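Got your viewer open? Let's take a short walk, one selection at a time.

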Amino acid sequence: MDSLHAIGFYVSATLSLGGALLVAFLPTRTWRGLALAVTGLGVAGILVTLSAGLAALVVVVCYAAMALLLAGPRYRSFEVAINTIWRQLGAVAAAALFALLAYSAFRSDFVHATYFGGLFGSAATGRFLLAHDAVATEAVGALALVALVAGAAGWRARERGR
């Protein structure tokens, strides 16, 4: 990584970390929404320095949408109806799952297999996507998730109107 990329990476990392801290500590929703947008720009900058332009574009769109939701007038907090002990157990279970996934990622290796198929097909497409840019593959998955969430939100809005 040359010095220009390193500077861009560190500036983007500072933006994302500073924005995340501001989201946690700012008192008003408007300022937290703006800080969330800055965090998104920082994460997108990190991805751009790592040559993952599609993932950076997805991050900018998603963080901008979240910032608008957070700063918007229709945002409201709600009281959680679950006991504290269940939330604590859920957090411990999530931490254990994260530790298991981190351990398996650290100790394992990617499987190397030989493919004898043609240029088209699900196996060839998966091999192409995962061999060249796994982050772009994750971005495509994020786009599919955003499309599903938007479809569900549109359906709920239509059902409320009836």
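Which backbone oxygen does the side chain of S12 reach? Select S12 and take a look, keeping in mind that this is a predicted model. The side chain comes within 2.8 Å of the backbone oxygen of G8. S12 sits in helix α1, and because its relative accessibility is 8%, below the 20% cut-off, S12 counts as buried. Now show what surrounds S12: apart from neighbours within four places in sequence, S12 is in contact with G42, G45 and I46.

Next, zoom out to the whole of α1, residues 3–25. Put a distance between its end C-alpha atoms and you should get 33 Å, which agrees with the span expected for 23 residues at 1.5 Å a residue. Colour S12, S16 and G19, the buried residues of this helix. Where do they pack? The buried residues of α1 pack against α2, so select 29–49 to see that partner.

Last stop: helix α3, residues 53–71. This one has 19 residues and reaches 27 Å from first C-alpha to last, close to the 27 Å expected. Pick out its buried residues: A55, A56, V58, V59, A67 and L70. They cover an arc of only 160 degrees around the axis, so they lie on the same side of α3. An α-helix has 3.6 residues a turn, so residues three or four places apart point the same way.

Now spin the view to the face of α3 turned away from that buried side. Here you'll find the exposed residues L57, L68 and L69.

Terms used
Residues are numbered from 1 along each chain as its sequence is written. This is a predicted model: local features need pLDDT of at least 70, side-chain atom pairs count only at pLDDT 80 or more; totals for chains, interfaces and linings use all residues. Side-chain values use heavy atoms; hydrogens and water are left out. Helices (H or I, at least four residues) and strands (E, at least two) are DSSP runs, numbered from the N terminus. The expected span of a helix is 1.5 Å times one less than its number of residues. Buried means under 20% relative accessible area, exposed over 50%, partly exposed in between (1.4 Å probe, protein chains only). Contact means heavy atoms within 4.5 Å. The arc is that of the directions from the helix axis to the C-beta atoms. A polar contact is a pair of N or O atoms within 3.5 Å; within protein, one must be able to donate a hydrogen and the other to accept it, and residues adjacent in sequence count only if both atoms are side-chain atoms.
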